[in-house]
Amino acid sequence: MNFTVVSAVNDDAVLQSCLLSSPCLGAAAAVLLKRGYSSAARAYNSAIDEAKTDILVFVHQDVFLPEG
């Protein structure tokens, strides 16, 4: 399945220890990390405009996605 993972980021330490440690990210066509936006909604709208896949998975930076 061709999909993009999107996360609004405001804490790189949490991002590194959780989401970016997720083994299933390797299956994603792209990972879009949106920083510096005034709201998650603005970050997500930017990702929608930027994504090249039809399926987008919006994930908080503090989520760990296990294998599979």
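In this predicted model, T4 stands opposite A30, a residue of strand 2. This pair offers a convenient way into the sheet. Strand 1, which covers residues 3–9, pairs with strand 2 in the parallel sense, and 6 bridges join the two. The sheet as a whole is open and has 3 strands, arranged in the order 2-1-3 with parallel pairing. Strand 2 and strand 3 form its edges, each of them pairing on one side only. On average, and with direction ignored, neighbouring strands of the sheet are turned by 25 degrees against each other.

Attention turns next to charged pairs. Side chains of opposite charge can pair when their charged atoms come close. The structure holds 2 salt bridges. One of them joins R35 to D12, with 2.7 Å between the closest N and O atoms. Because R35 lies in strand 2 (residues 30–35) and D12 in helix 1 (residues 12–17), this salt bridge ties together parts that are 23 residues apart in sequence. R35 is partly exposed, at 42% relative accessibility, and D12 is also partly exposed, with a relative accessible area of 40%.

The other salt bridge is formed by K34 and E50, whose closest N and O atoms are 2.6 Å apart. Here K34 belongs to strand 2 and E50 to helix 2 (residues 40–50), so the pair links parts that are 16 residues apart in sequence. The partners differ in their exposure: K34 has a relative accessible area of 9% and is therefore buried, the limit for that class being under 20%. For E50 the value is 39%, which makes this residue partly exposed.

K34 also appears in the surroundings of S46, a residue found in helix 2. Leaving aside neighbours within four places in sequence, S46 is in contact with K34 and Y37. S46 counts as buried, with a relative accessibility of 18%. Helix 2 thus contains both S46 and E50, and K34 of strand 2 touches S46 while forming a salt bridge with E50.

A further set of contacts involves L20, placed in the loop between helix 1 and strand 2. When residues up to four places away in sequence are not counted, L20 touches L15, L25 and L33. L20 is nevertheless partly exposed, its relative accessible area being 33%. The C-alpha atoms of L20 and L65 are separated by 9.1 Å, although these two residues are 45 residues apart along the chain.

Finally, the surface carries a nonpolar patch of about 310 Å², made by M1, I55 and V57. Of these residues, V57 is found in strand 3, which runs over residues 55–58, and strand 3 is one of the edge strands of the sheet. V57 is partly exposed, at 32% relative accessibility. That value allows V57 to take part in the patch, because patch residues need over 30% relative accessible area.

Notes:
Residues numbered from 1 in each chain as written. Predicted model: local features only at pLDDT ≥ 70, side-chain atom pairs only at ≥ 80, totals over all residues. Heavy atoms only, no water. Salt bridge = Lys/Arg side-chain N within 4 Å of Asp/Glu carboxyl O. Helix = DSSP H or I, 4+ residues; strand = E, 2+ residues; numbered from the N terminus. Buried < 20%, exposed > 50% of the residue type's maximum accessible area, 1.4 Å probe, protein only. Patch = residues over 30% accessible without salt bridge, like charges linked within 9 Å, V, L, I, M, F, W, Y side chains within 5 Å. Areas by Shrake-Rupley, 256 points an atom, 1.4 Å probe, with all protein chains shown as cover. Pairing = 2+ DSSP bridges. Axes fitted to C-alpha atoms, helices over the stretch in contact; angles between N-to-C directions. Contact = heavy atoms within 4.5 Å.
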